[in-house]
Amino acid sequence: MRAALYDRYGPPEVLREGRVPVPELQQGEVLVRVHALSVNGGELYGRAGRVRLVTGSRFPLRTGMDFTGEIARVDSAVKGLHEGDRVWGILGRTFGSAAEYVAVRPRQLSYAPANISLVEAASLPAGTTAITALETKTRLKAGERLLVRGASGGIGSVAVQLGKALGARVTALAGGKNLDFVRELGADEAFDYRTTGPEDLGRFDVVLDTVGTEHRAFRKLLAPGGRMVSIAFDIDHLAASLSYLLASTAHGPRRVRFFSGNPKHDLFAKLTAYVESGAIRPVVDTVHPLSDIAAAHRALEAGEYGGSTWCGWCEARAGHARRAARAPPRGRLRALEVGDERGPGGRPEHERRAAGDLGVADGDDAGVAGSDFEAVAAVTAAVRGLVPR
């Protein structure tokens with residue numbers, strides 16, 4: 001099968017399209033034909049070698065974390081899932097979804113929303129982090145004041161929509177060119193982070209930080225009883241940033257909660273429900289073929305997606321890609337074309353049924369050595385908000 005690989009750390013140009021074996025289906029797994037995926041900040045840092053202590057040097061290495069697709073094959077031990085089911089998910093703490101097929105366990109996937117395309121759906125897996133942050137970690141209530149840093153990013157853009165759905169008054173911090181965009185998503189107020197500092201803002205009941213810098217300054221904005229959650233740390237000042245986060249989770253009247261997401265079936269199912277209800281909508285722009293994944297990485301690094309961490313896709317059929325490019329509101333994503341109309345072993349794929357989530361077992365000739373490293377998840381969660389804002 002085709003897959004995105006790189007043989008050394010470096011700039012986007014190190015990425016190439018190569019061939020690896022189709023994953024062998026293990027007991028209790030399903031094989032998913034990948035239809036679409038995004039490129040996010042965690043992959044940029046991985047490819048550049050900034051987290052090589054975690055990713056190792058067993059080249060070629062793989063890239064891609066989240067994806068949407070259709071189940072191509074089901075192990076006999078798996079119940080309730082069928083060939084043709086449309087699914088979505090995140091690999092968790094490993095890379096490798098930028099490929100034609102992935103093998104995953106049912107707990108790593110859920111039915112994709114039935115009311116949007118698989119390309120559109122691939123813009124939303126980061127929404128699981130927003131759900132955890134606002135519903136579980138901070139328990140945002142109707143009428144409370146919510147500040148979202150990095151509001152035009154993959155996580156932030158969902159958090160703005162979710163905050164409104166939960167009845168909060170939402171203030172968004174984003175780049176100046178994205179202020180109209182976050183207002184379209186539902187923000188009551190939107191400010192340019194370049195010209196608006198923490199001292200220019202008021203008090204908030206909940207602060208969601210997807211950027212990772214100035215934790216101390218934004219923590220001071222919390223009202224009595226306020227809660228702050230960060231899914232990012234400052235990778236350029238790693239020791240100081242992590243030390244402050246660790247201390248603030250244990251001390252002081254307004255503690256900062258920090259977590260790294262590794263969503264499973266139930267969380268994706270909840271995200272599906274939000275999307276199908278219309279509370280959360282996708283944001284898609286352009287579609288790249290898999291062979292052009294380097295262009296998606298370059299564009300994300302250059303900030304061409306107006307602040308979103310979601311920019312690149314693997315797309316299986318051009319027709320879906322063209323429809324996704326017209327999705328409202330203004331797009332923030334690009335795509336990568338993968339696969340043809342034939343299934344594993346050269347068999348044609350026919351009936352497609354509705355819906356699902358997926359996760360991946362990385363792995364033929366490449367990937368992260370020891371896929372369950374907490375560090376991969378932590379770094380990925382952090383840089384999703386860092387690049388760009």
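## Starting at a bridge in the five-stranded sheet

In S6, Arg86 is the bridge partner of Glu70. That pair belongs to the antiparallel match between strand S5 (residues 66–74) and strand S6 (residues 86–90), which runs over five bridges. Strands and helices here are DSSP runs numbered from the N terminus (E and at least two residues for strands, H or I and at least four for helices), and two strands pair if DSSP finds at least two bridges between them. The model is a predicted one, in which local features need pLDDT of at least 70 and side-chain atom pairs count only at pLDDT 80 or more, while totals for chains, interfaces and linings use all residues. Residues are numbered from 1 along each chain as its sequence is written, and side-chain values use heavy atoms, with hydrogens and water left out.

Zooming out, S5 and S6 sit in an open sheet of five strands, ordered S7-S3-S5-S6-S8 with antiparallel pairing. Strand S7 (101–104) and strand S8 (110–111) are at the edges with a single partner strand each, so one side of each has no neighbour in the sheet.

## The three-stranded sheet

There is also an open sheet of three strands, in the order S2-S1-S4, again with antiparallel pairing. Strand S2 (15–19) and S4 take the edges here; each has a single partner strand, so one side of each is left without a neighbour in the sheet. Strand S1 (residues 2–6) and S2 run antiparallel and are joined by five bridges, with Ala3 standing opposite Gly18 in S2.

Just before S4 comes a backbone oddity. Most peptide bonds are trans, but a cis one joins Phe59 and Pro60, with omega at about 0°. Pro60 is placed in the loop between helix H2 (52–55) and strand S4 (61–62).

## Enclosed pieces: S13 and H4

Now for some burial (buried means under 20% relative accessible area, exposed over 50%, partly exposed in between, with a 1.4 Å probe and protein chains only). Seven of the nine residues of strand S13 (residues 222–230) are buried, so this strand is largely enclosed by the rest of the structure. Strand S12 (residues 204–209) pairs with S13 in the parallel sense, over five bridges, and Val206 stands opposite Arg227 in S13.

Helix H4 has a similar story: eight of its 11 residues are buried, so H4 is largely enclosed by the rest of the structure. Among the buried ones are Gly127, Thr129, Ile131 and Leu134. Another buried spot is Val283, at a relative accessible area of 6%, in the loop between helix H9 (265–277) and helix H10 (293–302). The C-alpha atoms of Val283 and Leu124 are 8.2 Å apart, though 159 residues separate the two along the chain.

## Arg139 and its patch

What sort of phi does Arg139 have, following H4? A positive one, about 50°, although Arg139 is not a glycine. Most residues other than glycine have a negative phi. Arg139 lies in the loop between helix H4 (127–137) and strand S9 (145–149) and counts as exposed at 61% relative accessibility.

Arg139 also joins Lys137, Lys141 and Arg257 in a positive surface patch. Patches like this one take residues with over 30% relative accessible area and no salt bridge; like charges are joined within 9 Å, and nonpolar side chains (Val, Leu, Ile, Met, Phe, Trp, Tyr) within 5 Å.

## Salt bridges

How many salt bridges does the structure hold? There are 13, each being a side-chain nitrogen of Lys or Arg within 4 Å of a carboxyl oxygen of Asp or Glu. Glu13 and Arg298 form one, with the closest N and O atoms 2.9 Å apart. Glu13 is in the loop between S1 and S2 and Arg298 in helix H10, so this pair ties together parts 285 residues apart in sequence. Both ends are partly exposed, Glu13 at 49% and Arg298 at 37%.

Glu144 and Arg227 make another, with closest N and O atoms 2.8 Å apart. This pair links distant parts of the chain, from Glu144 in the loop between H4 and S9 to Arg227 in strand S13, 83 residues apart. Glu144 and Arg227 are both buried. Arg194 and Asp192 also meet in a salt bridge, at 4.0 Å from N to O; Arg194 is exposed at 58%, while Asp192 is buried at 16%. Finally, Arg2, Glu17 and Glu100 are joined into one network by salt bridges that share partners.

How values were computed
Accessible areas come from the Shrake-Rupley method with a 1.4 Å probe; for residues, only the protein chains shown count as cover. Lys and Arg count as positive and Asp and Glu as negative; His and the chain ends are not counted. The place of a charge is taken as NZ of Lys, CZ of Arg, CG of Asp or CD of Glu.
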